[in-house]
2 protein chains.
Amino acid sequence: MASTIKDIARKLNISVSTVSYALNNGPRSVPDEVKQRVLDTAKELQYRPNRVARSLITRRTYTIGIVPSEAGTDIVLSPYLQNALNGVVNAAEELHYDVLFFTRYDQSRTREMSDVLLDGRVDGLIFLAPPQHAPVLDIIVDHKVPHIVIAGEQRPTSIQYSVDNESGVRAVVEHLFELGHRRFGHIHGRMQMEDAIERHDYFCKFVKDLGGEYRDAWIQPGNFTMEGGEEGMNRILQSPDIPSAIFCANDEIAIGAIRSARRKGLDVPADLSIAGFDNVPLSSVMFPAITTVRQPVDRIASLATQALVAMIEGDSQPSSKVFETELIVRDSTSRPKEDR
Amino acid sequence: MASTIKDIARKLNISVSTVSYALNNGPRSVPDEVKQRVLDTAKELQYRPNRVARSLITRRTYTIGIVPSEAGTDIVLSPYLQNALNGVVNAAEELHYDVLFFTRYDQSRTREMSDVLLDGRVDGLIFLAPPQHAPVLDIIVDHKVPHIVIAGEQRPTSIQYSVDNESGVRAVVEHLFELGHRRFGHIHGRMQMEDAIERHDYFCKFVKDLGGEYRDAWIQPGNFTMEGGEEGMNRILQSPDIPSAIFCANDEIAIGAIRSARRKGLDVPADLSIAGFDNVPLSSVMFPAITTVRQPVDRIASLATQALVAMIEGDSQPSSKVFETELIVRDSTSRPKEDR
DNA sequence: ATGAAAGCGCTAACAT
DNA sequence: ATGTTAGCGCTTTCAT
C-alpha cells in the first residue's frame, strides 16, 4: 500500500497538518529542520501525494477536458482535431496542466454526458466544434464551469474562439470569380456544425453578390470527410450540366471531390476547379496541390487553452475572439475551360 | 453549490446509504418505490455524482493515461502518435473509459513525473515508445500500476506491444537487394528509442548477411522527423561516393530525405532509391509515393488498451505481443542506375 | 510553533 | 429494509 501523510506524521511523531504544510511549503510556516525531516521521511517511505484526495478539497485537478464534436470511431484521424489537440497540448504543457480527452461525447444522451463532464475530473472544458444547440452546453453554462467553445455557434453565455469564415469564403469565391468562373458548386460539411453552416451560407451570399450562379443540384453534403467529398462530387456530376468551380467546406472534402472528378475522366483544374478550406498538411503535397484557406487551428486552440486557464485561475474573464484566414492559391484552381 | 447525496437524503428524510444504493443500483437492494423517489429528487436537485470523491474510495477513475515518448512542442503533430492515440481512443470509447494525455513527460525529472503519473487520476498507463532505461518505468513497475508499453525495450516486468522490426527491415533490405542495390545507406531515428535501435541494427545485419555494403558515412541520424531526414541526407550526400539505396527509419525521415536529394539535383528513384517505415497517410500521396513498411499502429494501440483495461479490471493478465509488418512497394524505389 | 479535528462527497461495513 | 458511522487522503480552521 502506498504511504500517506499519516504515515509520515506517525513515523515522526508530529501532526498531519505539520506534514501537510511542510510538503506544500505553506500556507503555514514550518521550521526548516522539521521540514527537512518530513521531506526525508517522505522520500524514505516513497510517499506520493494523492491528487484525487487533494482535489476533493481544493476543487482543482490541473486537468483540462477536451470535448470532441462527436463520438465515433477514428475521430482522432481528423486533421482538424489533430491540429486543435496539438494546440491544446502545447499550451497545457506550458501551463502545467494535463489534458483529459472525453471519448464518449454522445449527443443523444445529454444527461449521461453532462454527468461525465461535470464529475470533477477537470477544472475546465474546451468544446471542439460542438453541434448546434447542444443541450450539454446549456448545462455546462448553468453550472458555471469554466469553458471555451471553439468553432461553435454564437452564444452570449459562452466564450467563443472561431475563425472568420466570412472573409475566408469571400476570398475563395472572389478568387474563383476573378479566374473567370461564373457557375459554382459547393460541397458542405456536417450541417449541425457552425463552420459548415457559415461556409455554406457565405458561399451562397458571395456567389449571388458577384452575380455568379449556383443551383441546388450543385450543392451537396460532404460530411467533412474524403468519402463524403467523393460522394458529393459524384452527385454533382450527375447533373446534365455541371459548374466549372467547386468550393469544398474543408480540404478532406476537396481531396475526395478531386478523386471523384478524376475517376469520371475530368482533369482538375483544367476541366474543373476545386478549392478547399483549412490548409491541412496533405493539401500541399497532394497532386494537384489544393487551393485552400488557411486557418490557424493550432493557434486558436493554444490561445483558447491559455484563456481557459486564465478563467480557471480567476486571473481574468477573457472575451470571444475571431481569427483571420489567408487564401492559399495552389494548383487545383485555374481559369475555366470555356475561357481558353 | 452542486447538490450531494446528503442533500437528497435530507430532503427525503432517509439515510445517505440508501440514497447511495439507490443511485448505484446496489450492492444493497432498495425497494422500487424508494429508488424512484431518490431518482426523482436527484433530478429535481440537479444532482451529479462526484467521481473524484467516489474514486477516493473505490480507487477507480475509469480513465487511462497515455504517456508520450517525450515532452515538447508539437508532439501531437507526429503521425505515429496520432495513429496510436486514435487507436487508444477508439478502444477506450468502447470500454467506457476516458483518456488522460500527460503533457509533461520530462525525462530529466523522474520524481516529478512519477508523482504525476501516480497521483490517482488514472487506473492504468500506456507508454508510447518510451526511451531506453526510462527510470519512471521502474517506479511504475515498483508500484504495480497496470501498464502496457508500446514500442519499448523488452523488460520482463512490463507487458510489451511492439512491431516486428526484424521482419519489416528484412523485407525492405531484401526488396532493395533484389532490385540490384549493393550499397546501402540508413537514416536512423532517435537512438534512445527501441524502434530506432532495432531498425538500425537489423539494417546492418541484413545488409551484411546479403553481402551488401554500408559505411559509417552513409549512416546518419534523422531524429524521426522530416527536418532530421533532410539533414541526414545532406550529410550522406557529402560523401565522395554515395550509396544507391537509403533505408529510412520512418516515413517522415524518408520525406525529408527525398526533399534533400531533389534539392541536390538527384532524381528519386532514378538516381537514388529511398524507402521508409510506418506507412503514414502522407507516404501514399507524396510524389513519388514512398515504398515503406506498414505497421498496424492503430490496432496495436487498440489492443493494448483493451489488454490494459482487462488488467485493470482484473479479468486477466495479458502477455506481450509482437505485430506483423507488410512491405508496401511504391515509387520511391527502383533498380539502381548502373544496372540500366 | 504545532496539534486536534472537521470535513470534501462518497462507499460500505456494521448495526438494528 | 434501512440507519449510523467509519473512513478514503488530504487541507485548513480552530485551539493551545
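I counted a residue as near a strand if its C-beta atom, placed from the backbone, lies within 6 Å of that strand, and I kept in mind throughout that this is a predicted model.

**Entry on the DNA**

I looked up what lies around DNA strand C and found that 26 residues surround this strand, the closest being A:Ser15, A:Ser17, B:Thr4, B:Ser17 and B:Ala53. I then asked which elements give two or more residues to this surface. They are helix H2 (16-24) and helix H4 (51-58) of chain A, together with helix H2 (16-24) and helix H4 (51-58) of chain B. I noted that H4(B) gives the most to the surface near DNA strand C, namely 5 residues. When I sorted the residues of this surface by kind, I had 14 nonpolar, 10 polar and 2 charged.

**Entry on the two chains**

I turned next to the contact between the chains, which takes 40 residues from chain A and 40 residues from chain B. On the side of chain A that touches chain B, the elements giving two or more residues are H4, helix H5 (79-95), strand S2 (98-101) and helix H12 (281-285) of chain A. The largest share of that side comes from H5(A), with 7 residues. I sorted the residues on this side of chain A as well, and they divide into 21 nonpolar, 10 polar and 9 charged.

**Entry on the paired strands**

How do S2(A) and strand S2 (residues 98-101) of chain B run? I found that they run antiparallel and that 3 bridges join them. Following this pairing along, I saw that A:Leu100 stands opposite B:Leu100 in S2(B).

Methods. Residues are numbered from 1 along each chain as its sequence is written. Chains are lettered from A and ligands numbered from 1 in the order in which they are written. This is a predicted model: local features need pLDDT of at least 70, side-chain atom pairs count only at pLDDT 80 or more; totals for chains, interfaces and linings use all residues. Helices (H or I, at least four residues) and strands (E, at least two) are DSSP runs, numbered from the N terminus. Ala, Val, Leu, Ile, Met, Phe, Trp, Tyr, Cys and Pro count as nonpolar, Asp, Glu, Lys and Arg as charged, and the others, Gly among them, as polar. Two residues are in contact if their C-beta atoms, placed from the backbone, lie within 7 Å. Two strands pair if DSSP finds at least two bridges between them.
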